[in-house]
Structures are given as C-alpha cells and as structure tokens.
Amino acid sequence: MVNRGFAVIPDDVIASIRERTDIGVLVGEYVKLKKSGASLKGLCPFHNEKTPSFYVHPQRGFFHCFGCQASGDVFGFLTRLEGLAFPEAVRRLAERTGIEIPDSDPQRDKERRREKEKTDRIAALLDEAAGFYVRMLEEHPNGAMAKQCFRDRDVDDETAQRFRLGYAPDAWDGLVNLFRQKQRSPGEAEAAGLVVPRRTRDGYYDRFRHRLMFPVSDSQGRIVAFSGRALPSLEDDDDRDPPAKYINSPEGPLYQKGKLLFGLWEGRVSIRRQGWAVLCEGNFDVVCLHRHGLDNAVAPLGTALTADQARLLRRFAERVVLLFDGDKAGRKAVRAAYPHLAEAGLPARVVALPEGHDPDSFLREHGIDALQSRIDGAPGIVEHLIDQAASNSRGDAAATADAISSLGPVLKKVENPVEGRLYIDRIAQKFGVHDIDAVRQQLRRGIRQNRPKRRRPIEEPPPMEGPPIEEAPVRRKIDPLQGELLGAVLDQPELLESPEAEKIPEVLTDPDLRAIFQATSRQVGRREGVDASVLLDQIGANGASWWLEERLAVQLHEDLESARRLVRDVVPRLEKRAREMSAGQLEQQIRAARRAGDDALADRLTRERMALLRGALRK
Ligand SMILES: [Zn+2]
C-alpha cells in the first residue's frame, strides 16, 4: 500500500500537485461550502455540528475547523477524510491534476501504466453496465417489477439514484449486445464479471438476468462489482429450481469481496462526521437504512465480516453499531464479527432485533424512532455475547460450564483490566455462579481450547495517517494585539513593502509570533500570497501554531488599506505598552538603587526613565 511500485515521491512533484489542486473544489465535493469573505465555510466533515465552523481558504490552500481543530492542506484533507496513507493521497490528486509521478524504474513504470489502462477500461465497462441497468429499470417492460420491489421496501427514487440501483433484463444478450455495438472487448467484459463465455466457446452471455442490481463501489467511488437479487419468476409453470437469491460478481482485478463494504462510498462522509457506523447484513438493509436517514450504514458483501473490512471501517468510524437479523444466523454473525472488530480497535454495540425481523421489516413496522431508541440503548458487544450465552444455556451444569468457557476467547480480547473484571462479574451474575475463581478458571479453559494449532503470522495493521482526530493540544495564550498585527501581515503580505511595516519586528515581542513573521517575510518574496502548508511546515513545533492555523482559515483584511490602517493603529499602541513596561521595570531598579545607597545609578536610571516616557524607545 505504501509506495509500492514507486520510488519516494519527489518534494517538488508533491508541491506542484498541491499547487494545482483547488482545495475549494476538492472539499466542495464532500461538503456544501458557502462563500465567507475570502474563505469558504461549511459544516465540518470531521465532527458533528449544526452551525458551520469549518473554513477553507482556497488561495492559501488550507482548511481549518474551529470546532475540532482539524486543519491542513489538500493532502491532509484527503488522508483524513478518505483514510488514505499520504502517498496514496498524493497519487489520487496527481491523477486529478494530470501530473505524472515519475518512477525511477522505466520498465516498472511502463508495466504499471499498462496495468492501469487495463483496469481503467474494465472500470469503464462496469460503469456502462450500471448505466444500462438503470436505464432498463425505467425502459424495460419488466423494469416495473423491479421498481415495485423497491417500492415494497420503501426505497424512494432519490435513494435508488444515489445507489444507482437498476434492473438486469431477462435476456441472455442484453449487455452482450450493448458491448458489441460499442465495440468493447468481450475479454475485458468477462474480466469485469459482467458476461460469461458460452460452454461452446463461441460467444458470451449476460451473467445477471432478471435481477435487481446493486452496484458495489470501491474506495475511489468506482463501480467494481454488482450484487444481483432475484425477482419473482416470469414464467407461470416453472418447475426449475428457484434461482439463487443473490448472485454477486466474481472476484477480479478490481474486486475482492472481503476488502470492500457495501454502502461505504455512499456513507463515508456521514460516518466520518458522526464518528460511528451501522454495520448490517445485506445490501437491501443498507439501502433501506440510508433511505430512513441512517446514511452511515454499511454491510459486508454476502460474507461474514472480515478482518480487512473491520480495518477499512476503522479508517472512517470510531464506533460501530451492529444491526443484524434477530435469527440464529444473525447471532452467529455478531459473534464472528467480534474478534475482527476488537482487533481493529472498533468498540461495538449490538442492537438485537426481535426474532423474525430484519432492519427493513422492523423499520416498516415500528419506524425510525423505535430503531433509533434501540440503537441508543444498545449494550456493548461483550455484554451482548455474555447475555446471549447465558440465555442459551439455561440448563444443566455441564452446559453452563461450556457456555462460560465459550466466553473465554471473547474476554481475552478485552484489554482494559477494569472492564475485564466487570465482565467477569456479569458472567458470574448471569450464570448464577458466585465463585469468581471458578468462573476465571472456566474462562481460561475456553481460551486454551480455542488456541489455534499453528500460530498465524502476525498481520501488520495498515498505516494510519490522518484519522481519527487527535486530541487538541494545550494552547498557549497569544497576546491579542500582537496577533492582530501579525494577522494583518498574513492577510496582506504586500504590507511588508510599505514603511509602516518597518517597526513590526520590534513590537512583536512574542518569540513564536516573531518566528511566524520572519517565515512569512521569507516566503512572500518568492510567491504572491501566503502558502499555508509551507508556512506551517517551516515554523514546525511553535507555541503559536494553533493560532496560525486558525488565523489562516479566515481573512479579516481583504484589502491592503484596511491592513495598513490596522498597523498604523496597533504599532503605536504596542510601542506605548513596551515603554510603560520598561518604565515600570526602571522604577523598580531606581527604588532598589536608592535602598542600596547608589544614588549615582538611581539618578542615571531616573533620567533614562524620563527620556523613555517622553517617547524615545529604550535601547
Ligand atoms: Zn470539525
């Protein structure tokens, strides 16, 4: 994932990608932004808020949130929001801006490019297929059947469009003909999983026929697969076996089912903003939940949750709520998901739906408020597993012992010792075993029994850059007057060429602000305005960087004259303050000299103080 197939990306390439990416446009793809002076303003995608405190300053290539303190440049935005590693974000933006990232190995470069062209063509075929299925939903005579099926599930047009839901007609050659007309490569359509070669090897037929089509997107928003759900048969007397309820695309160059989550592309901004996701079982559940406003719902693709999927989700969510069917399979799925969620560091809670319900049927019967209150009151996943085990084992002593030992592996994943102790108490209470030591012993037995025969190699977690939001550092207080002064320079760097600016370095007595001032002066000579990320880079760990981040997000002086007025007003005030402070210090020194009997010194200091108060600065 990191830099594979690439040499380290050169700094100047990174810089030109940064310069050529309009941060306002990039952020605008995720967040609705409104103009606010020289900045753009919107609801922060990194924390949940009702009034906008998220600012983007396009000219400075910078964003900052006054609510959660997230800030950075285009790469920072993408790493945080999409959970990408830095080189990945650079590459993503390189593609957007059309900047080539050179590779030190031309052979490898060529291969990589050829590979990419091929996957791009396959992605284009999948996209065309999605468009075809959407059209068929409207135009095909049997499309109405598919539409009715959506309507039965309360899926409205807007949701259907967002997910690009479609209908694959009941024909062997729907897509085959479309691709033939457009002269697409049949081999690539096969690689895309859309068509299947005939057994006679003299052509292809459509993989998906008479099905509801759910496109599956990858983390770049490309459609990489489809999941097709069976519809009621069209023939009256059909003694053939009923078709499989779901058919999914086979894995291919773009698609590995264990590594993607359905709904993540559509829900990622909401998940990031709210900090949590709903994990449910199937794609219809996801669509229905999005339809009812839970647009942070995702689901694995027809399999149990994998370790990769848990880690993928962790890149966007800090917590997860499991919303599985209230049947035996649903309970099993919760148990299977637990170790992966625990290993990914995703705290989970479990909503138990009543037996016989799935999210969709529950929503239709009880409504979103009832579901929301179940979510709010949902127990943690470990409590849930303990309670489940206890309620399943009402019976003899042996069954109780087995049920307790089955919880051993679950508790082993609990890292916090206090939490662990509370769970043991809960087990004792739920199973009615009052000897804590006996409970412990039984849990340990369960761990031993569960130990794998051979040690698996330890999988390295993927690099985590950006998310989740770090804790805000302690802020050093910044003198407001000095801040205003430096802010004027940041807003209108042209000031540095006017005579008013000469005294600024003298009156900026805060060393951190002075360092920012100096870095700004150095930068401005070479560039028109202030480049936020370069500036922040240059000042490094500076006590005033929090101030700088906030100040760079907004522009208070939109014209030079306003900045000049501020300097003219503030510089004399700071000078006066400095004089008064020096005078105060002299006053003390004079008194000390008199006490010590050094009248000559006291007289000299008194003259100095008089001169100072008359207006000359003390040197
Ligand atoms: Zn924020």
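In this predicted model, strands S14 and S15 (residues 348–352) run parallel and are joined by five bridges. One of the residue pairs along this edge links phenylalanine 324 to alanine 352, its bridge partner in S15. To get from S14 to S15, the chain passes through helix H13 (residues 328–344), and the resulting β-α-β crossover is right-handed.

S14 also has a partner in strand S12 (residues 276–280), and here again the pairing is parallel, with five bridges. Tryptophan 276 has arginine 319 of S14 as its bridge partner. So much for the pairing; what about cover? S14 itself spans residues 319–324, and five of its six residues are buried, which leaves the strand mostly covered.

Further along the chain, a pair of helices is worth a look. Helix H20 (residues 480–491) and helix H22 (residues 511–524) have axes that come within 11 Å and cross at roughly 10°. Angles under 35 degrees count as roughly parallel, and H20 and H22 are therefore roughly parallel to each other. On the H20 side, the contact is made by Gln482, Gly483, Leu486, Val489 and Leu490; these meet Leu513, Ile516, Phe517 and Thr520 of H22. Sorted by class, the residues in this contact come out as six nonpolar and three polar, with no charged ones.

Technical notes: Residues numbered from 1 in each chain as written. Predicted model: local features only at pLDDT ≥ 70, side-chain atom pairs only at ≥ 80, totals over all residues. Heavy atoms only, no water. Buried < 20%, exposed > 50% of the residue type's maximum accessible area, 1.4 Å probe, protein only. Helix = DSSP H or I, 4+ residues; strand = E, 2+ residues; numbered from the N terminus. Pairing = 2+ DSSP bridges. Right-handed = clockwise from strand over helix to strand, strands pointing away. Axes fitted to C-alpha atoms, helices over the stretch in contact; angles between N-to-C directions. Parallel < 35°, antiparallel > 145°, perpendicular 65-115°, else oblique. Contact = heavy atoms within 4.5 Å. Nonpolar A, V, L, I, M, F, W, Y, C, P; charged D, E, K, R; others polar.
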